[in-house]
Amino acid sequence: MLAIQRRLEKLILERLKPNKVVLIFGARRVGKTFLLKKIDKEFKGKTIFLNAEDHETKLLLEKQSISSYKQILKDSELLILDEAQNIDEIGKILKLMVDEIQGIKIIATGSSSFDLQNISGEPLTGRSFRLQLFPISQDELSLHENLIETKRFLEQRLIYGSYPEILEFENNNDKKEYLFNIVNSYLLKDLLIFDGIRNSNKMLDLLKLIAYQMGNDVSYDELSKHLGLSKNTVEKYLDLLTKVFIIYRLDSYSKNLRKEIRKSKRFFFYDNGIRNAIISDFKPIVLRKDIGSIWENYLITERLKFNNYSIKFLNSYFWRTYDQQEIDLVEEIDGKLFGYEIKWSNKIVKPPKAWQGTYTDANFETINSANYLDWITTK
């Protein structure tokens, strides 16, 4: 794997405190294990590294015996537990450890959050820090490449995404094969082990529909009719897809204007390559009709990564009215609104009249191919 300095490493080390758990979430193959091994290697004290996918490790930890845990962690300052969601009632187990073993520091990772009520729910209230690792961000890549290289690689990242291993492949066919394998062998696998999910075809069909509607309002009723599923099942599936870090949701912002759409939702993909693998479309940009959607997904996701790694406390939305006035991304910070319209061209647009008239103190900016880099790396 490329030796890219991950921004999350510093955040993890800052939160690594005695009798606390640092929880790291993120999709499979985004580099969690690689990052943990680096921390393990560089940690000054004694560490113990356990993989919860290992059967013996699973049996060892599920005993829930304080004496057993003290024996396992004897003289260790740091426990690193990878893929922790594989262990039943892991939240209670980690609580026992941090409550009963004086001075222990713990890092635990999870590739899916639907079973992480066990990890991040009530057992660890007040005892944990939660962080998310994403595919490689442009902010991280900017430390390893110059502006000319960034511009040269942009199309590759729009089409094939930024999973760590993708960046190592030079052949596009190798990239396609890798992404198809990620979708079928890892991401959907996490869904199918969840109770009640037995039909991967329906889940994949739903993902395809979301991929084609990326960045547009989604109707649960329309999705349910198209798939032959109940509305509740569609909502359940979409919720699960967010919990294995394939997609994430933006809600509509509304406050003052009667014409504002209040309950709409839009879905975006954490990685463009995964989205394109789901619809089997890796055509170059010049041949694509969906470049606007791809560009919007890329920038909003890169902005999400940057905000998370910068520990910005904000809410993110889109904004739209019934008469089709809209803004692609709205960030709310300390009661202040910042609207961003995203354009693939270098075009600068004016804010919608309804936005200007209603939110007179709000900021508005066009993010385009000329100025995007500062927005996802420095602002």
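Strand β6, residues 247-252, is joined to β7 by 5 bridges, and the two strands run antiparallel. Within this part of the predicted model, Arg249 has Phe267 of β7 standing opposite.

Stepping back from that pair, we find an open sheet of 6 strands with mixed pairing, ordered β7-β6-β8-β9-β10-β11. At its edges stand β7 (265-269) and β11 (363-367); each has a single partner strand, so one side of each is left without a neighbour in the sheet. On average, neighbouring strands here are turned by 35° against each other, direction ignored.

What lies across this sheet? Helix α14, residues 291-309, lies across β6, β7, β9 (326-333), β10 (336-342) and β11. Its direction is easy to picture alongside β9, to which α14 runs at about 5°.

Helix α14 also has a helical partner. Helix α8, residues 147-160, packs with α14 at an angle of about 95°, with the two axes 10 Å apart. Angles of 65 to 115 degrees count as roughly perpendicular, so α8 is roughly perpendicular to α14. Here is who makes that contact:

| Helix | Residues in the α8 and α14 contact |
|---|---|
| α8 | Leu154, Arg157, Leu158 |
| α14 | Ile291, Ile294, Trp295, Tyr298 |

Sorted by class, this contact of α8 with α14 has 6 nonpolar residues, 1 charged residue and no polar ones.

Another residue of helix α8 deserves a visit: Thr150. Is Thr150 buried or exposed? Buried means under 20% relative accessible area, so Thr150, at 2% relative accessibility, counts as buried. Leaving aside residues up to four places away in sequence, Thr150 touches Gln138, Glu145, Arg157, Tyr372 and Leu373. Arg157 thus turns up in two places: Arg157 is touched by Thr150 and takes part in the contact with α14.

Now to helix α1, which spans residues 7-15. Which residues of α1 are buried? They are Leu8, Glu9, Leu11, Ile12 and Arg15. These residues cover an arc of only 165° around the axis, which puts them on the same side of α1. The spacing makes sense with a little helix geometry: an α-helix has 3.6 residues a turn, so residues three or four places apart point the same way.

And what covers that side? The elements over the buried residues of α1 include β1 (20-25), α2 (32-42), β4 (105-110), β5 (128-132) and α14. Helix α14 therefore links the parts of this tour: α14 lies across strands of the sheet, packs with α8 and helps cover the buried residues of α1, which sit on the same side of that helix.

Note on methods. Residues are numbered from 1 along each chain as its sequence is written. This is a predicted model: local features need pLDDT of at least 70, side-chain atom pairs count only at pLDDT 80 or more; totals for chains, interfaces and linings use all residues. Side-chain values use heavy atoms; hydrogens and water are left out. Two strands pair if DSSP finds at least two bridges between them. Helices (H or I, at least four residues) and strands (E, at least two) are DSSP runs, numbered from the N terminus. Axes are lines fitted to C-alpha atoms, for helices over the stretch in contact, and angles run from 0 to 180 degrees between N-to-C directions. Contact means heavy atoms within 4.5 Å. Buried means under 20% relative accessible area, exposed over 50%, partly exposed in between (1.4 Å probe, protein chains only). The arc is that of the directions from the helix axis to the C-beta atoms. Angles under 35 degrees count as roughly parallel, over 145 as roughly antiparallel, 65 to 115 as roughly perpendicular and the rest as oblique. Ala, Val, Leu, Ile, Met, Phe, Trp, Tyr, Cys and Pro count as nonpolar, Asp, Glu, Lys and Arg as charged, and the others, Gly among them, as polar.
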